[in-house]
Amino acid sequence: MTDHDSEDHLEDIPLDALPLDAWHRARGARMVPFAGYEMPIQYEGIVAEHNWTRESAGLFDVSHMGQLLLSGPDLDAAVEAVLPIDLSTLKLGQQRYSLLLDEEGGVLDDLMVSRWPDALYLVVNGATKWDDMGTLREALPDDITLNYLDDRALLALQGPKAADALARHATGEYPLSALTFMKFGRFQLAGHDVTIARAGYTGEDGFEISLPADAAAEIADLLCAEPEVKPIGLGARDSLRLEAGLPLYGHDMSPETSPIEAGLIFGINKRRRTEGGFPGADRIIREIAEGTARKWVGLTIDGRLPAREGAEVFAGAAHVGIVTSGGFSPTLGAPIAMAYVAAEHAAIGTALEVEVRGKRLAAAVSPTPFVPHRYYRGS
């Protein structure tokens, strides 16, 4: 799942507090404005937290995200008129990545959709959740109920040792190990009913835990008491998702980008690519058939100077693109970036240059993810 916002945009807007606000401060977190909340950007340091998550297990507070529950008659048909998803193939206990598009095929948000009994559960980005709810309420029939679960918190436990730590405490009808990537189930933690999905935004194996907001501190304490687990801030969350080649809404995609040029065709299920029937379908189907003028690609950059969002990309003297996300990869020990470039320069291995601080740095189009995903898909 993804998110965005900036300190500049939020300077004059009253900020909300996360359910774990006091918990973060008590652990020395540096708090910053993000998506309308004060959120922890780091505790002991971004690189240390990044490496800990890659090697062990990190606990992220993502309670700013919007948790929505849709229910009502002919729910699947109503939602398929709004999202390019094939709900006939989404079974109970499964979740899927999807997209909220405008009538021109621009990306309004990316989101997760899960099949609950007699309902669909959506997780949307924190910075766009109010607009998303407005768009959904306007587009869905009046007899579809949309509930914003504002009494829920959301925690993400990510890393190769996340399953070991969580399994000591999660109880339910079946063991936690029964969950594979993009599956979810209902469990109990410390006597509280929770929903656990095996997914995340780091490229590592991990879980997202929806829980009562008033139980968040108790459960965060429970998990962080495990030797494998430490709290991790937004800074490491961003560097981890960059290494994993995962897009960030508001940076790598926006209403000005289509999902096809953003490489998100997997968010448009196979039946819908030909059948259409969702906002922006005409453009999407045309771009699938004809291609796009630009493509979203990974870049590896020579040296150690990172290219940030907005850095210009060149092929010789020609300006051919712009960086949308970039930074220094702690795992690779080198700068990496993602950018939109003209389609004729998007082939893997293409030599390009990125302008950083007035200097042209040698770069090359790279496959993503930069660091291999380690999702658990079963033995």
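**Notebook: helix α7 and its surroundings**

I began with two helices. The axes of helix α2 (residues 46-55) and α7 come within 8 Å and cross at roughly 55 degrees. I am working from a predicted model.

Which word describes how α2 and α7 lie to each other? I noted the pair as oblique, because angles of 65 to 115 degrees count as roughly perpendicular and those under 35 degrees as roughly parallel. I also checked the hand: α2 passes α7 in a right-handed crossing.

Next I listed the contact residues. From α2 I wrote down I46, E49, H50, T53 and R54. They meet G235, A236, S239, L240 and E243 of α7. Sorted by class, the contact of α2 with α7 holds 3 nonpolar, 4 polar and 3 charged residues.

**Entry: how covered is α7?**

I looked up burial along α7, residues 234-243. How many of the 10 residues of α7 are buried? I found 9, and noted the helix as mostly covered. The buried residues are L234, G235, A236, R237, S239, L240, R241, L242 and E243.

Then I asked what covers the buried residues of α7. The cover includes α2, along with strands β2 (30-34), β3 (37-42) and β4 (57-61). Strands β18 and β19 are also part of the cover.

After α7 I came to G245. Its phi is positive, near 70 degrees.

**Entry: the strands under α7**

I followed α7 to the two strands it lies across, β18 and β19. The helix runs at about 125 degrees to β18. Strand β18 covers residues 318-329 and β19 covers residues 334-342. They run antiparallel, joined by 8 bridges. I picked out one bridge: F328 has P335 of β19 as its partner.

Where do these strands belong? Both β18 and β19 are in a closed barrel of 6 strands. I traced its order as β16-β19-β18-β17-β20-β21, with antiparallel pairing. From one strand to the next, the twist averages 40 degrees.

**Entry: strand β14**

Last, I turned to β14, residues 206-212. Is β14 enclosed or open? I counted 7 of its 7 residues as buried, so the rest of the structure largely encloses this strand.

I looked up its pairing too. Strand β10 (residues 152-158) pairs with β14 in the antiparallel sense over 7 bridges. In that pairing, L154 has S210 of β14 as its bridge partner. Strand β13 (residues 192-197) also pairs with β14 in the antiparallel sense, over 3 bridges. There, A197 is partnered by E208 in β14.

Terms used
Residues are numbered from 1 along each chain as its sequence is written. This is a predicted model: local features need pLDDT of at least 70, side-chain atom pairs count only at pLDDT 80 or more; totals for chains, interfaces and linings use all residues. Side-chain values use heavy atoms; hydrogens and water are left out. Two strands pair if DSSP finds at least two bridges between them. Helices (H or I, at least four residues) and strands (E, at least two) are DSSP runs, numbered from the N terminus. Axes are lines fitted to C-alpha atoms, for helices over the stretch in contact, and angles run from 0 to 180 degrees between N-to-C directions. Contact means heavy atoms within 4.5 Å. Angles under 35 degrees count as roughly parallel, over 145 as roughly antiparallel, 65 to 115 as roughly perpendicular and the rest as oblique. A crossing is left-handed if the near helix is turned anticlockwise from the far one by less than a right angle, and right-handed if clockwise. Ala, Val, Leu, Ile, Met, Phe, Trp, Tyr, Cys and Pro count as nonpolar, Asp, Glu, Lys and Arg as charged, and the others, Gly among them, as polar. Buried means under 20% relative accessible area, exposed over 50%, partly exposed in between (1.4 Å probe, protein chains only).
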